[in-house]
Amino acid sequence: MVAGIDRFLIRELGNVPRRRCVLWPTNPTSIKSYIESVAPHREQLRRIIGAVDSRPAQVDLELLATTTQPACVAEDDTLAIFAVRWPALDGIDGEGLLLKPRGEPGACVIAVPDADWTPEMLAGLVADAPAGATYARQLARSGCEVLVPTIISRDDTFSGNPTVRMTNQPHREYIYRMAYQMGRHVIGYEVQKVLAAVDHFASRAGSHKPIGVIGYGEGGLIALAAAAVDTRIDVTVVSGYFAPRERLWAEPIYRNVWSLLCEFGDAEFAWLIAPRTLIVEASKGPIVT
């Protein structure tokens, strides 16, 4: 029975790219008509990743400081780095680092790390950071204001209840298992944190600067999904994550989204971002054992 189920599902997965094509009748006669034609897909994606809860009407960044630790964690002649927090959903805050260049920034960017990376790595504050991880600092030195959120890691430190039982499930899987039953998803929660940051940048008085999002690995997935559901994001950069998804069963289970492949592969995410700019950097993604 199990072997038969396996053969059936592998066959169906092989057929979904062809079936997806007929679900995407687009109208390319103008940018306006094209955007209107893909709008139902955008709402469906928002729904199946669980990014449907209302965010605060006003999102402000709060500086995090104590009597012994100032909010400014580092600075030099080119930039200053602050520990910040911002409201995303009722009971859920985003937290991370804000990199502010000296002088007026030319753009606002949310830089999303991989799940095994920290904001401090992207900000260049960790001596042994992985090669290429300091893209937030590079963007800030190029004149961008950069917000780096902390995302839910692949550790298992808090996966369980110490008074009952702890598990070895990665944090992302632990949250995925509970959220999935309620029509929510760990991907949707991360996207909501990013979009709350977009709310902040978009609402600042007198600010009409371009808004970008960039991510690597799991951060690339989040950046791709955030730009697909929110047209306020002008430029998207995805690194270490863009490929056919028909072997999704071989990826971490916390990437499983109900009915996703029936309507969306990474190419369809890109269709939702068009005609805005999407840059895909061909690079090796993180190895998840």
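Hi everyone. Let me begin with a definition we'll need for the cavity later on: Ala, Val, Leu, Ile, Met, Phe, Trp, Tyr, Cys and Pro count as nonpolar, Asp, Glu, Lys and Arg as charged, and the others, Gly among them, as polar. Keep that in your head, and we'll put it to use soon. One more thing before we start: the structure on the screen is a predicted model.

Let's go straight to the cavity. How many cavities of 30 Å³ or more does a search of the whole structure find? The search turns up 1, and its volume is about 150 Å³. There are 16 residues lining this cavity, and those closest to its centre are Ile-187, Leu-221, Tyr-241, Leu-260 and Phe-269. Two elements, H7 and H9, give two or more residues each to that lining. H7 has the largest share, with 3 residues. Now for our definition: the cavity lining divides into 12 nonpolar, 1 polar and 3 charged residues.

Since H7 and H9 have both come up, let's look at how they sit together. Helix H7 covers residues 218-229, and it packs against H9 at an angle of about 45°, with the axes 7 Å apart. The two are therefore oblique to each other, and their crossing is left-handed. Who meets whom? On the H7 side we have Leu-224, Ala-225, Ala-227 and Ala-228, and on the H9 side Asp-266, Phe-269, Leu-272 and Ile-273. By class, this contact has 7 nonpolar residues, no polar ones and 1 charged.

H9, which runs over residues 266-273, also packs with helix H2, residues 31-48. Here the angle is about 130° and the axes are 9 Å apart, so H2 and H9 are oblique to each other too. Their crossing is left-handed. From H2, the residues in this contact are Tyr-34, Val-38, His-41, Arg-42 and Leu-45, and they meet Phe-269, Trp-271 and Leu-272 of H9. The count by class is 6 nonpolar, 1 polar and 1 charged.

If you follow the chain onward from H9, please slow down at Pro-275. This proline is in the loop between H9 and strand E11, residues 277-281. Is the peptide bond from Ala-274 to Pro-275 cis or trans? That bond is cis, with omega near 5°. There is another spot to mark, Ser-259, in the loop between strand E10 (235-239) and H8. Its phi is near 65°, a positive value in a residue other than glycine. Why point these two out? Most residues other than glycine have a negative phi, and most peptide bonds are trans.

Now to the pockets. The largest pocket has a volume of about 450 Å³. It is lined by 20 residues, and the closest to its centre are Leu-13, Leu-248, Trp-249, Asn-256 and Leu-261. Helix H1, residues 2-21, and helix H8, residues 260-263, each supply at least two residues of this lining. Which helix gives the most? The answer is H1, with 6 residues. Sorted by class, the lining of the largest pocket has 14 nonpolar, 2 polar and 4 charged residues.

The second largest pocket has a volume of about 270 Å³. Of its 17 lining residues, Gly-240, Tyr-241, Arg-245, Arg-255 and Gly-285 are the closest to its centre. You may remember Tyr-241 from the list of residues closest to the centre of the cavity. The lining of this second pocket divides into 9 nonpolar, 3 polar and 5 charged residues.

To finish, try finding Phe-269 on your own screen. This residue is in the contact of H2 with H9, in the contact of H7 with H9, and among the residues closest to the centre of the largest cavity. Thanks for listening!

Definitions and conventions. Residues numbered from 1 in each chain as written. Predicted model: local features only at pLDDT ≥ 70, side-chain atom pairs only at ≥ 80, totals over all residues. Heavy atoms only, no water. Axes fitted to C-alpha atoms, helices over the stretch in contact; angles between N-to-C directions. Helix = DSSP H or I, 4+ residues; strand = E, 2+ residues; numbered from the N terminus. Parallel < 35°, antiparallel > 145°, perpendicular 65-115°, else oblique. Left-handed = near helix turned anticlockwise from the far one by under 90°. Contact = heavy atoms within 4.5 Å. 1 Å grid on protein atoms, 1.4 Å probe; cavity = no way out; pocket = protein on both sides within 12 Å on 5 of 7 lines; lining within 4 Å. Points joined across faces, edges and corners; volume = space filled by probe spheres on them.
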